[in-house]
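Work through the exercises below with the structure in view. Try each task before reading its solution.

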Amino acid sequence: MWGLRPLFLRLQKFLLPLLITIGIVVLVVASGQSDRVKFPKGKIVITDGEKSLKLDVEIANTPTLRSIGLMYRKSIPDDFGMLFVFEEDTRSGFWMKNTYVPLEIAFIDRNGVIFSIQEMEPCREEPCKIYYAPGPFRYALEVKKGFFERHRFGVGSRVSIEK
């Protein structure tokens, strides 16, 4: 019986933060209030040759923020994005459950180069399609569908975060 206590204490250090994060996500999503979650704001610059564009973004840089993303937003501005930031290269998938606006996602490597752009349609019924990059990525940028064509950016364009 005494042998379980140290194990429980060690598990508690890891499970408690995880359970709190899961609880917050469940409450936010269940209440439909994810559009009221406060994301950090930032600016990125997209460049391709001589052409560049500064873009206002919200930054999803924690597991909780990344899991909420652009859910429940009825509209987003044309020149706005959400930048998903990961601590290390990942192969995480993205889905459009409870997302109402057609989007594009640019997968960006650790050097800031866009290597894949995919169109994502709102999920009307489950199971929702999961969108994967063709390789590991460090960042992902979600924008309103048509953004990349309208601004003439694509695979090979570079993205940098303004400090």
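**Exercise 1. Find how strand 1 pairs with strand 9, then with strand 2.**

Solution.
- Strand 9 covers residues 158-161. Strand 1 and strand 9 run antiparallel and are joined by four bridges. Note that this is a predicted model.
- For a landmark, take Ile-46, which stands opposite Val-159 in strand 9.
- Now turn to strand 2. Strand 1 spans residues 41-48 and strand 2 spans residues 51-60. Their pairing is antiparallel, over eight bridges.
- Look at the turn. Two residues lie between strand 1 and strand 2, and the two strands form a hairpin. Gly-49 in this turn has a positive phi of about 65 degrees.

**Exercise 2. Follow strand 2 into strand 3, and strand 3 into strand 8.**

Solution.
- Strand 3 holds residues 80-90. It pairs with strand 2 in the parallel sense, over five bridges.
- Two partner pairs mark the register. Val-57 has Gly-81 as its bridge partner, and Ile-59 has Leu-83.
- Check Gly-81 against Leu-55. In sequence they are 26 residues apart, yet their C-alpha atoms are 7.2 Å apart in space.
- Next, strand 8. Strand 3 and strand 8 run antiparallel, joined by six bridges. Leu-83 stands opposite Leu-141 there.

**Exercise 3. Put the strands of the open sheet in order and name its edges.**

Solution.
- The protein chain has three helices and nine strands. Seven strands form the open sheet.
- Their order is 6-5-8-3-2-1-9, with mixed pairing.
- Strand 6 (114-120) and strand 9 have a single partner strand each, so they stand at the edges. One side of each is left without a neighbour in the sheet.
- From one strand to the next, the twist averages 30 degrees.

**Exercise 4. Is Gly-81 buried or exposed, and how covered is strand 3?**

Solution.
- The cut-off for buried is under 20% relative accessible area.
- Gly-81 has a relative accessible area of 0%, so it is buried.
- Widen the view to strand 3. Eight of its eleven residues are buried, and the strand is mostly covered.
- Across the protein chain, 40% of the 163 residues count as buried.

**Exercise 5. Locate the largest nonpolar core and say which elements supply it.**

Solution.
- The core has 21 residues. Among those with the most contacts inside it are Phe-84, Phe-94, Leu-103 and Phe-107. Met-120, Phe-137 and Ala-140 also belong to that group.
- Helix 2 (63-68), strand 3, strand 5 (103-108) and strand 8 each supply at least two residues.
- Strand 3 gives the largest share, four residues.
- As background, nonpolar side chains tend to be buried together in soluble globular proteins.

**Exercise 6. Trace the salt bridges of Lys-43, Glu-87 and Asp-89.**

Solution.
- The count of salt bridges comes to twelve.
- Start with Lys-43. Its side chain meets that of Asp-56 in a salt bridge, 2.3 Å from N to O. Lys-43 lies in strand 1 and Asp-56 in strand 2, so the pair ties together parts 13 residues apart in sequence. These two residues also stand opposite each other in the strand pairing.
- Check their cover. Lys-43 is partly exposed at 33% relative accessibility, and Asp-56 is partly exposed at 39%.
- Go on to Glu-87. Its side chain meets Arg-66 in a salt bridge of 3.8 Å, N to O. Glu-87 is in strand 3 and Arg-66 in helix 2, 21 residues apart. Glu-87 counts as exposed at 58%, whereas Arg-66 is buried at 17%.
- Finish with Asp-89. Its salt bridge with Arg-110 brings the closest N and O atoms to 2.5 Å apart. Asp-89 lies in strand 3, and Arg-110 in the loop between strand 5 and strand 6. Asp-89 is partly exposed at 26%, while Arg-110 is exposed at 53%.
- A network of salt bridges links Lys-41, Glu-58 and Arg-73.

**Exercise 7. Which residues make the nonpolar surface patch of about 310 Å²?**

Solution.
- Trp-95, Ile-130 and Tyr-132 make this patch.
- Place Tyr-132: it is in the loop between strand 7 (130-131) and strand 8 (137-144).
- Tyr-132 has 46% relative accessibility, so it counts as partly exposed.

Terms used
Residues numbered from 1 in each chain as written. Predicted model: local features only at pLDDT ≥ 70, side-chain atom pairs only at ≥ 80, totals over all residues. Heavy atoms only, no water. Patch = residues over 30% accessible without salt bridge, like charges linked within 9 Å, V, L, I, M, F, W, Y side chains within 5 Å. Areas by Shrake-Rupley, 256 points an atom, 1.4 Å probe, with all protein chains shown as cover. Salt bridge = Lys/Arg side-chain N within 4 Å of Asp/Glu carboxyl O. Buried < 20%, exposed > 50% of the residue type's maximum accessible area, 1.4 Å probe, protein only. Pairing = 2+ DSSP bridges. Axes fitted to C-alpha atoms, helices over the stretch in contact; angles between N-to-C directions. Core = buried A, V, L, I, M, F, W, Y, C linked by side-chain atoms within 4.5 Å.
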